[in-house]
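Grab a pencil and work through these exercises with the model open beside you. Each one sets a task and then walks through a solution.

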Amino acid sequence: MQQQWALITGASAGIGETFAKHLAAKGWSIILVARRADKLNNLQAHISEKYQVICKTLALDLSHNNANQKLFQYCQDHKIHVDMLINNAGYGVPGDFDAVNWRTHQDMLQVMLNSVVELSHLFYPAMKQKQAGFIINVASLAGLTPSTAGHTLYGAAKSFMIKFSHSLHLEAIDSKIHVTALCPGFTYTEFHDVNGTRSMVNKMSKKMWMSADDVVEQGLKAVETNQAVCITGWRNKTIATLTKLLPEKVIRYLMKGSVAKFRKR
Ligand SMILES: NC(=O)c1ccc[n+]([C@@H]2O[C@H](COP(=O)([O-])OP(=O)(O)OC[C@H]3O[C@@H](n4cnc5c(N)ncnc54)[C@H](OP(=O)(O)O)[C@@H]3O)[C@@H](O)[C@H]2O)c1
């Protein structure tokens, strides 16, 4: 197989780490990006040894304005053509809108909106020139369901990601670049530990949860077959379908009584 590079943001844990392992197992060379250098280095050692592929790490905080340019420059300097870009880094900020300071909101928008769009904009032209490439934007089921109080910007940011990915998916068809918005529901990762909602979400039925392995398998299959939006698991697909079919009032009522319980205010 010709050497192919996958660049994964948020690769130090959870879904990003799992993408790295699955792609390495398929023979891809990997660039791991996140803030925690120690975690990235451990994963790099594991991947290089177990899968015998090239794995590079770049410890970067994507909330910093110049982080995307640094990442692009790193690839230019190392003559790396990115064949697959996985915009996965993300997190939830609990609390009501006005209770969260502006800097926290700003950082979240930088990581979950600006970085996703800028990295796509930076790496897309070379994919277009090659007439091949894959972009996965890890969004969420929360971007497809009605809003609830608390975590104010999360669902909004994920909706943006889905709309952006869908437009790019349509634009990219002639260039043979596959673009997919991956929309997982509740997934076992560090996500809920980081945002302090683990004890709340643990009360939810285990049936609502998926493993990161399952999410990644479905995401890779979706981008290979060029699906614009991939909702993982039949339960999440059902929720997304009901959201489209039922009157908004009914959905809002159901959301208020169920998912809202797991949103910290
Ligand atoms: N888990 C779920 O239930 C779920 C459901 C739907 C969607 N998602 C989405 O899935 C994606 C991955 O989340 P996950 O569940 O795998 O959570 P996770 O285990 O907490 O992983 C999040 C990753 O993002 C990285 N990250 C966070 N802030 C960053 C920053 N400023 N700069 C660079 N990297 C940063 C973290 O690394 P460092 O801390 O080392 O920087 C980590 O590698 C997110 O976009 C999330 O919104 C998750």
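Helices here are DSSP runs of H or I with at least four residues, strands are runs of E with at least two, and both are numbered from the N terminus. Keep in mind that this is a predicted model.

**Exercise 1.** Find the two residues with a positive phi that are not glycines, and say where they lie and how exposed they are.

Solution. Start with Gln-131, which has a positive phi of about 55° without being a glycine. Gln-131 sits in the loop between helix 4 and strand 5 (133–138). Its relative accessible area is 37%, so Gln-131 is partly exposed. Next take Lys-176, also not a glycine, with a positive phi of about 60°. Lys-176 belongs to the loop between helix 5 and strand 6 (177–183). With a relative accessible area of 53%, over the 50% cut-off, Lys-176 counts as exposed.

**Exercise 2.** Check the length of helix 1 and decide whether helix 1 is mostly covered or mostly open.

Solution. Helix 1 covers residues 14–25, 12 residues in total. From first C-alpha to last, helix 1 reaches 17 Å, close to the 16 Å expected at 1.5 Å a residue. Now look at burial: 9 of the 12 residues are buried, so helix 1 is mostly covered. Among the buried ones are Ile-15, Thr-18, Phe-19, His-22 and Leu-23. After helix 1 comes Gly-27, with a positive phi near 95°.

**Exercise 3.** Place Val-216 and work out which residues Val-216 is in contact with, leaving aside neighbours within four places in sequence.

Solution. Val-216 is in helix 8 (residues 212–224). Its relative accessible area is 0%, so Val-216 is buried. Outside its sequence neighbours, Val-216 is in contact with Ile-15, Thr-18, Phe-19 and His-22. Those four are among the buried residues of helix 1. For a sense of the distance along the chain, Val-216 and Leu-23 are 193 residues apart in sequence, while their C-alpha atoms are 9.6 Å apart in space.

**Exercise 4.** Describe how helix 4 and helix 5 are arranged, and which classes of residue make up their contact.

Solution. First the geometry: the axes of helix 4 and helix 5 (residues 152–172) come within 10 Å and cross at roughly 10°. An angle under 35 degrees counts as roughly parallel, and helix 4 and helix 5 therefore qualify. Then the contact: residues of helix 4 including Met-108, Met-112, Val-116 and Tyr-124 meet residues of helix 5 including Tyr-154, Met-161, Phe-164 and Leu-168. By class, this contact of helix 4 with helix 5 has 15 nonpolar, 2 polar and 2 charged residues.

**Exercise 5.** Classify two of the aromatic pairs, Phe-72 with Phe-123 and Tyr-188 with Trp-209.

Solution. A search of the whole structure turns up 6 aromatic pairs. For Phe-72 and Phe-123, the ring centres are 5.3 Å apart and the planes are at 70°, so this pair is edge-to-face. Phe-72 lies in helix 3 (residues 67–77) and Phe-123 in helix 4 (residues 102–130), so the pair ties together parts 51 residues apart in sequence. Both Phe-72 and Phe-123 are buried.

For Tyr-188 and Trp-209, the centres are 4.9 Å apart and the planes are at 20°, so this pair is stacked. Tyr-188 is in strand 7 (residues 187–188) and Trp-209 in the loop between helix 7 (198–201) and strand 8 (210–211), 21 residues apart. Tyr-188 is partly exposed at 42% relative accessible area, whereas Trp-209, at 9%, counts as buried. Together with Phe-186, Tyr-188 and Trp-209 form one aromatic cluster.

Notes. Residues numbered from 1 in each chain as written. Predicted model: local features only at pLDDT ≥ 70, side-chain atom pairs only at ≥ 80, totals over all residues. Heavy atoms only, no water. Expected span 1.5 Å × (residues − 1). Buried < 20%, exposed > 50% of the residue type's maximum accessible area, 1.4 Å probe, protein only. Phe/Tyr/Trp six-rings, centres within 6.5 Å; stacked < 30°, edge-to-face > 60°. Axes fitted to C-alpha atoms, helices over the stretch in contact; angles between N-to-C directions. Parallel < 35°, antiparallel > 145°, perpendicular 65-115°, else oblique. Contact = heavy atoms within 4.5 Å. Nonpolar A, V, L, I, M, F, W, Y, C, P; charged D, E, K, R; others polar.
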